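Trainee: Before I rely on any label attached to this model, I would like to go through the reasoning behind each one.
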Amino acid sequence: MAASAQASRGLTALFKRGWNEIPEVIGSSVVALVGIGLTFVGLSNYYRKDCDNRRYKMDYVVMRPEDPRAASIRKD
């Protein structure tokens, strides 16, 4: 009966109860979610701007001038 009373109060009551009982777990979970969100934003920016342009590679790659990847090569 007590479980259904807690469930009817909503997610906010559950968060407050968790914060009072185990603040380390709740706080670290929030920080982890922020980190995952920032990682997603960083990766989407990385791939959107075509930043997979390493200065040094492990293998030698030959590209023809008409290859679309050849236009994005940096010459630094």
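The turns below set values of this predicted model against the criteria behind the labels.

Trainee: What makes the secondary structure of the protein read as α-α-α?
Mentor: The assignment comes to three helices and zero strands, and the pattern read along the sequence is therefore written with helices alone, each of them a DSSP run of at least four residues.

Trainee: How do you know that the 26 residues of helix H3 span what they should?
Mentor: The expected span is 1.5 Å times one less than the number of residues, which for residues 23-48 should give 38 Å, and because the end C-alpha atoms of H3 are 37 Å apart, the two values agree. Just after H3, Asp50 takes a positive phi of about 55°.

Trainee: Why is Trp19 called partly exposed?
Mentor: Trp19, which lies in helix H2, has a relative accessible area of 43%; buried would require under 20% and exposed over 50%, so Trp19 falls in between and is called partly exposed.

Trainee: What makes the nonpolar surface patch, and which helix gives the largest share?
Mentor: Phe15, Trp19, Val30, Val34 and Leu38 make a patch of about 500 Å², with H2 (11-21) and H3 being the elements that give two or more residues to the patch, and H3 supplying the largest share, three residues. In general, residues three or four places apart in an α-helix point the same way, because there are 3.6 residues a turn.

Trainee: How much of the protein is buried, and what supplies its exposed area?
Mentor: Buried residues make up 5% of the 76 residues, while the protein exposes about 7300 Å², of which carbon and sulfur atoms supply 62%.

How values were computed:
Residues are numbered from 1 along each chain as its sequence is written. This is a predicted model: local features need pLDDT of at least 70, side-chain atom pairs count only at pLDDT 80 or more; totals for chains, interfaces and linings use all residues. Side-chain values use heavy atoms; hydrogens and water are left out. Buried means under 20% relative accessible area, exposed over 50%, partly exposed in between (1.4 Å probe, protein chains only). Accessible areas come from the Shrake-Rupley method with a 1.4 Å probe; for residues, only the protein chains shown count as cover. Patches are made of residues with over 30% relative accessible area and no salt bridge: like charges are joined within 9 Å, nonpolar side chains (Val, Leu, Ile, Met, Phe, Trp, Tyr) within 5 Å. A salt bridge is a side-chain nitrogen of Lys or Arg within 4 Å of a carboxyl oxygen of Asp or Glu.
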